[in-house]
Amino acid sequence: MALVALTVFIIAGVSTVFAAFLMFVTWPRRKQNEYKQIKLFTGSFSAAIVTLGIFLLFTDSSTNKIEADESYAVPDDVETVEEEAGWHITSELGQVTSDNHDVIQSVSFNEGDTDQRAVLEAELITEDNITTDLIRTSTINLSAQILQRLSQIDEVEQIHLVWDIYVEPETGPGEFDTILDMTVNQENLQNIEGNRMDSEELDELAVDYWEKPALEPEDE
């Protein structure tokens, strides 16, 4: 939604500049033109302001908190842990990305034993975005949503979540590049204070967390 709002804002901004130029050029004939240029400027400017507000709303850090105790009705035909995990993931993200790549690259479940945890591993494809910061923010938010869903699977004791992104060079075939890799224990997800998961604190919640250096925000 934020990406759509930003796109509309850019279009409205360009329209506003054009309308402003047209309005000043035709100002002496404004009455003969029935104030059409003024109306166009007003409409474009209003649209730019509204869409900018929507974009800021959806990228506001206050919207990063995800309900951690929300439950979902899993279909009866879902039998294995892998199937349930796949259902949660595709229910949240869909089957394919905007670039027509399968969201799920792989999902596997290791039941573990007395010495090892039961681990669910999921390797997923994240969406490309306009800037590196937006790619990072959206992927971390999606991680919080997916972890919240996968924590509903009783058999799982640990979740290993990997995010890749499709990189298309100027020449030659594209390839997938890992940008985020985290491991979270089930008990940490179940014991979130106030049953609220903050996506900006995933690195503290995880027992193992790695981001591609190019994504890490610079210290101010």
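Partly exposed describes a residue whose relative accessible area falls between buried, under 20%, and exposed, over 50%. Glu-92 counts as partly exposed because its relative accessibility is 29%. The legends below describe a predicted model.

**View 1. The protein chain combines six helices and seven strands.** The elements run α-α-β-α-β-β-α-β-β-α-β-α-β, starting at the N terminus. The protein chain has 220 residues, and 36% of them count as buried. Its accessible surface comes to about 13,300 Å². Carbon and sulfur atoms hold 51% of that surface. Now take the contacts in the chain with a separation of 6 or more: residues 24 or more positions apart account for 63% of them.

**View 2. Arg-149 and Glu-92 are joined by a salt bridge.** Their side chains meet at 2.7 Å, N to O. The pair links distant parts of the chain, 57 residues apart. Arg-149 belongs to helix H4, residues 132-150. Glu-92 belongs to helix H3, residues 81-93. Is Arg-149 buried or exposed? Arg-149 has 8% relative accessibility, so it counts as buried. Its partner Glu-92, at 29%, counts as partly exposed. A search of the whole structure finds four salt bridges, and this pair is one of those described here.

**View 3. A salt bridge joins Arg-117 to Glu-187.** The closest N and O atoms lie 2.7 Å apart. Which parts of the chain does the pair link? Arg-117 sits in the loop between strand S2 (104-110) and strand S3 (119-125). Glu-187 sits in helix H5, residues 186-190. The two are 70 residues apart, and the pair links distant parts of the chain. Arg-117 has 33% relative accessibility, so it counts as partly exposed. Glu-187 also counts as partly exposed, because its value is 32%.

**View 4. Arg-136 and Glu-211 form a salt bridge, with both residues buried.** The side chains meet at 2.9 Å, N to O. Arg-136 lies in helix H4. Glu-211 lies in strand S7, residues 208-211. The pair links distant parts of the chain, 75 residues apart.

**View 5. Negative charge gathers in a patch on the surface.** Which residues gather in this patch? They are Asp-76, Asp-77, Glu-79, Glu-82, Glu-83, Glu-111, Asp-154 and Glu-155. Look at Glu-155: its place is in the loop between H4 and strand S4 (158-167). The relative accessible area of Glu-155 is 44%, so the residue is partly exposed. That value passes the cut-off for a patch, which takes residues with over 30% relative accessible area and no salt bridge.

**View 6. Thr-97 is a buried residue in a loop.** The loop runs between H3 and S2. Thr-97 counts as buried because its relative accessibility is 8%. What is Thr-97 in contact with, leaving aside its neighbours within four places in sequence? The contacts are Val-103, Ile-125 and Glu-127.

**View 7. Ala-144 is buried in helix H4.** Its relative accessibility is 0%, and therefore Ala-144 counts as buried. How many residues separate Ala-144 from Glu-201 in sequence? The two are 57 residues apart in sequence. In space, they are 9.4 Å apart, C-alpha to C-alpha.

Key
Residues numbered from 1 in each chain as written. Predicted model: local features only at pLDDT ≥ 70, side-chain atom pairs only at ≥ 80, totals over all residues. Heavy atoms only, no water. Helix = DSSP H or I, 4+ residues; strand = E, 2+ residues; numbered from the N terminus. Buried < 20%, exposed > 50% of the residue type's maximum accessible area, 1.4 Å probe, protein only. Patch = residues over 30% accessible without salt bridge, like charges linked within 9 Å, V, L, I, M, F, W, Y side chains within 5 Å. Areas by Shrake-Rupley, 256 points an atom, 1.4 Å probe, with all protein chains shown as cover. Lys, Arg positive; Asp, Glu negative; His and termini not counted. Charge placed at Lys NZ, Arg CZ, Asp CG, Glu CD. Contact = heavy atoms within 4.5 Å.
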